[in-house]
Amino acid sequence: MAQHFLLSRSAKTLSLAAVFTMKDEEAEARFRAIRWAETDGAPVCPNCGSLDAYDCRRLKGAPRFRCRGCKKDFSITSGTLFASHKLPLRCYLAAIAIFCNEVKGKSALALSRDLCVSYKCAFVLLHKLREAMAEELKGRVIGGDGKEAEIDGGYFGGYVKPANLKEKRVDRRLAANQSGKRKVVVIVTERGGNSVPAVFGSESQAASFIKARIAKGTVVNADEAASWDGLHERFEMKRINHQEAYSLDGACTNQAEEYFSRLRRAEIGIHHHIAGAYLLRYAQESSWREDNRRVSNGEQTERVAKLAMKRGKSVDFTGYWQRHNQSA
């Protein structure tokens, strides 16, 4: 039996011990190389694009540069997801490494203990990393001539606790007895390739999304749900009735089911609650992890750091707790 990738040496190219023992200068050099790879780490002004900048940090202060062209100050993280950061750069690099080291996901409570920061800080930081992962999924179209894709949906949230007494319990399958908060994650995945998730109120609302994200000429595999019947007019479809078999006559949705297995385990074993406004963020994280499950932890950390440095300021999570405190 072949060795699992996560057990192999090629999966372990980054040690957390090396990150935690890294000096501030080494972390700064690492972030500079990631942010300004085109100039070999030389600072580039984010305001005017000038390469003529000098170090103007205070004694024992955070890295800071001043542009000789526009006279404005900037840092390594200016205009990125980590803009206006308060922690040392080493902590952010450690957070990315810890986050990528987990196979199913990382809880904010556990990260707050690992880095000795508040839960609020860890919560926002993890969501910013999920936002960085989502950058790779934007506009992604899968499939093409001669390729196969799979689609499936899984419902999350809206749990209604059953009554204590049996005679007072109701059938929660009926819409009248549901909370109305239940949403479906729809996954579109290419066999042997990448995937794209989305969140809808019901599977029937996902038709336009699926048509936009799967290229023409792709053979689409789906289960027997009536929600996918409208796709026959655009794609060659293979349907599988799961009451009869998991795979039959070349039709199956096993790869899509693997994605939901990862997402369900993340919900049950790590986060315990991934529904609501940020369900899409967790779905995108699971999609990224599923697509990169054969990539070493060192390369994953490097890629997420690059995505975070290329991404602009977070609209949802910059000043997240300040906004919530004001509205409370």
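This passage describes the two largest pockets of a predicted model and the residues that line them. Residues are numbered from 1 along each chain as its sequence is written, and side-chain values use heavy atoms, with hydrogens and water left out. Because the model is predicted, local features need pLDDT of at least 70 and side-chain atom pairs count only at pLDDT 80 or more, whereas totals for chains, interfaces and linings use all residues.

The largest pocket (an open set of points on a 1 Å grid over the protein atoms alone, where a 1.4 Å probe fits, with protein on both sides within 12 Å along at least five of seven lines) holds about 530 Å³ of space; a volume is the space filled by probe spheres set on the points, joined across faces, edges and corners. Its lining (residues with an atom within 4 Å of a point) comprises 23 residues, and S84, K86, V124, K128 and Q322 lie nearest the centre. Two or more lining residues come from each of α5 (119-134) and α10 (320-327), helices being DSSP runs of H or I of at least four residues, numbered from the N terminus. The most, five residues, are given by α5. The lining has 11 nonpolar, eight polar and four charged residues (nonpolar: Ala, Val, Leu, Ile, Met, Phe, Trp, Tyr, Cys and Pro; charged: Asp, Glu, Lys and Arg; polar: the others, Gly among them).

The second largest pocket has a volume of about 430 Å³. Its lining is formed by 23 residues, of which H4, L6, V103, R262 and R293 are the closest to the centre. Elements giving two or more residues to this lining are α3 (89-101), α7 (254-271), α8 (279-291) and α9 (297-310), and α7 supplies the largest share, four residues. By class, this lining has six nonpolar, seven polar and 10 charged residues.
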